[in-house]
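Trainee: I would like to take one helix from this model and look at it closely, together with whatever is packed around it. Could you walk me through it in one connected account?

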Amino acid sequence: MTPVTTANGARPGRRRRIGVMGGTFDPIHHGHLVAASEVQSSYDLDEVVFVPTGQPWQKSGREVSPAEHRYLMTVIATAANPRFWVSRVDIDRGGPTYTVDTLRDLRTAMPDAELYFITGADALAGIFGWRGHEQLFELAHFVGCTRPGYEMDDAALAAIPSDRVAMLEIPALAISSTDCRDRQRAGQPVWYLVPDGVVQYITKHGLYADLARTDPPTLTATSGDR
Ligand SMILES: Nc1ncnc2c1ncn2[C@@H]1O[C@H](COP(=O)(O)OP(=O)(O)OP(=O)(O)O)[C@@H](O)[C@H]1O
Ligand SMILES: O=C(O)c1ccc[n+]([C@@H]2O[C@H](COP(=O)([O-])O)[C@@H](O)[C@H]2O)c1
C-alpha cells in the first residue's frame with residue numbers, strides 16, 4: 001500500500017528521514033549511487049543529500065580535484081533521482097571537512113529531520129579517527145554499506161552504540177574513484193563505472209588527464225582483418 005504523504009512529501013506522524021552521503025566524489029561513481037539508493041530504500045528515507053567534502057583532511061597527502069568540479073559532477077550524477085540532492089555545506093564552510101560539522105549544519109537546516117549518515121565499510125572502520133567522534137552518534141544514525149575488498153572489524157563495530165549503527169549488505173560494486181582516475185589517466189574507459197554525464201564532464205574539463213593518451217591503441221596486423 002502506498003504510504004500517505006502530505007503535499008510537501010512528509011509522512012504524517014513521522015519525522016522526516018534524511019540520508020547523508022558524504023564523500024570526496026573525485027569522481028562520483030556507481031558504487032556511491034548504489035549505496036545511497038540501497039540505504040534510501042532499506043530505511044525508507046524521504047531523501048538523500050550528497051555532501052561533497054571541502055578539504056578531505058585524511059586525503060591531504062594526495063592531489064584532490066577542485067571542489068567545484070566534484071560538486072558539479074555530483075549534481076550531474078544525482079539530477080535524475082527526485083529523492084537525491086546535493087549540499088554545499090562542507091564546500092562553503094571552508095577549512096578541513098569534519099563530519100561532526102556537516103551533521104551540525106544539516107541539523108540546523110533541517111531541525112525536524114532524523115539523519116542517517118551513509119558510509120562504506122572502509123570509512124566506517126576509521127570512524128574513531130574522525131574529529132569529535134564521541135558526538136557523532138548523538139547527531140545521526142550510521143549505516144555502513146558492504147564494499148568489496150573491505151571487512152568491517154568486529155571490535156570497531158562493537159565500540160559503536162548498537163542502536164546508532166547498522167551494517168547493510170548491498171550489491172557488490174568493486175569501483176573506486178582511485179581506479180576511475182587511474183583508468184582515465186591511462187586512456188582506459190570509465191563508461192559504465194560512472195554515470196554518462198560524469199564521463200562527459202571529465203572529458204570536457206580534462207580531469208585526471210595528466211597522463212591521458214590522445215591516440216587510440218594501435219591495432220595489430222590481424223585484429224582488423226576480415
Ligand atoms: N564501491 C563502493 N561500495 C560501497 N561504498 C563505497 C564504494 N565506493 C565508495 N564508497 C563509500 O562512499 C563514501 C565516499 O567515498 P569516496 O568519495 O572516498 O570514494 P572512493 O571510491 O573510496 O575514493 P578514493 O578511491 O579516491 O579513496 C565512503 O563512505 C566510501 O566508503
Ligand atoms: O570527520 C572527520 O574527521 C572525517 C575524516 C574522514 C572522513 N570523513 C567523512 O567521511 C566521508 C567519506 O570520506 P572520504 O574521505 O572517504 O571521501 C566524508 O563525508 C568525509 O567528510 C570525516
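Which residues of helix H4 are buried?

Mentor: Before the answer, two remarks on conventions. Residues are numbered from 1 along each chain as its sequence is written, while chains are lettered from A and ligands numbered from 1 in the order in which they are written. This is a predicted model, in which local features need a pLDDT of at least 70 and side-chain atom pairs count only at pLDDT 80 or more, whereas totals for chains, interfaces and linings use all residues.

The buried residues of H4 are Thr99, Thr102, Leu103 and Leu106, where buried means that 20 or more other C-beta atoms, placed from the backbone, lie within 10 Å of the residue's own (exposed is 12 or fewer, partly exposed in between). These four cover an arc of only 90° around the axis, which puts them on the same side of H4; the arc is that of the directions from the helix axis to the C-beta atoms. The general background is that an α-helix has 3.6 residues a turn, so residues three or four places apart point the same way.

What lies over that side? The cover of the buried residues of H4 includes strands E1, E2 (47-52) and E4, along with helices H3 (89-93) and H6 (133-139), contact being counted when two C-beta atoms, placed from the backbone, lie within 7 Å. Helices here are DSSP runs (H or I) of at least four residues and strands are runs (E) of at least two, both numbered from the N terminus.

Two of these covering strands are themselves partners: E1 and E4 pair in the parallel sense over five bridges, and two strands count as paired if DSSP finds at least two bridges between them. Within that pairing, valine 20 has phenylalanine 117 of E4 as its bridge partner. E4, which spans residues 114-120, also pairs in the parallel sense with strand E5 (residues 141-145), again over five bridges, and there isoleucine 118 stands opposite valine 143 in E5. E4 is mostly covered, with six of its seven residues buried.

H4 and E1 also come together at a ligand. Ligand 2 is surrounded by 15 residues, the closest being Gly22, Thr24, Tyr98, Thr99 and Trp130; a residue is taken as near when its C-beta atom, placed from the backbone, lies within 6 Å. Strand E1 (17-23) and helix H4 (99-109) are the elements that give two or more residues to this shell. Thr99 therefore appears twice in the picture, as one of the buried residues of H4 and as one of the closest residues to ligand 2. By class the shell holds six nonpolar, seven polar and two charged residues, with Ala, Val, Leu, Ile, Met, Phe, Trp, Tyr, Cys and Pro counted as nonpolar, Asp, Glu, Lys and Arg as charged, and the others, Gly among them, as polar.

To set this part in the whole chain, its secondary structure comes to nine helices and six strands, and 34% of its 226 residues count as buried. The UniProt record, an unreviewed entry, places the feature "domain: Cytidyltransferase-like" at residues 20-183; such annotations may be inferred rather than shown by experiment. Over residues 20-183 the chain is 40% helix and 18% strand, and the end C-alpha atoms are 28 Å apart.
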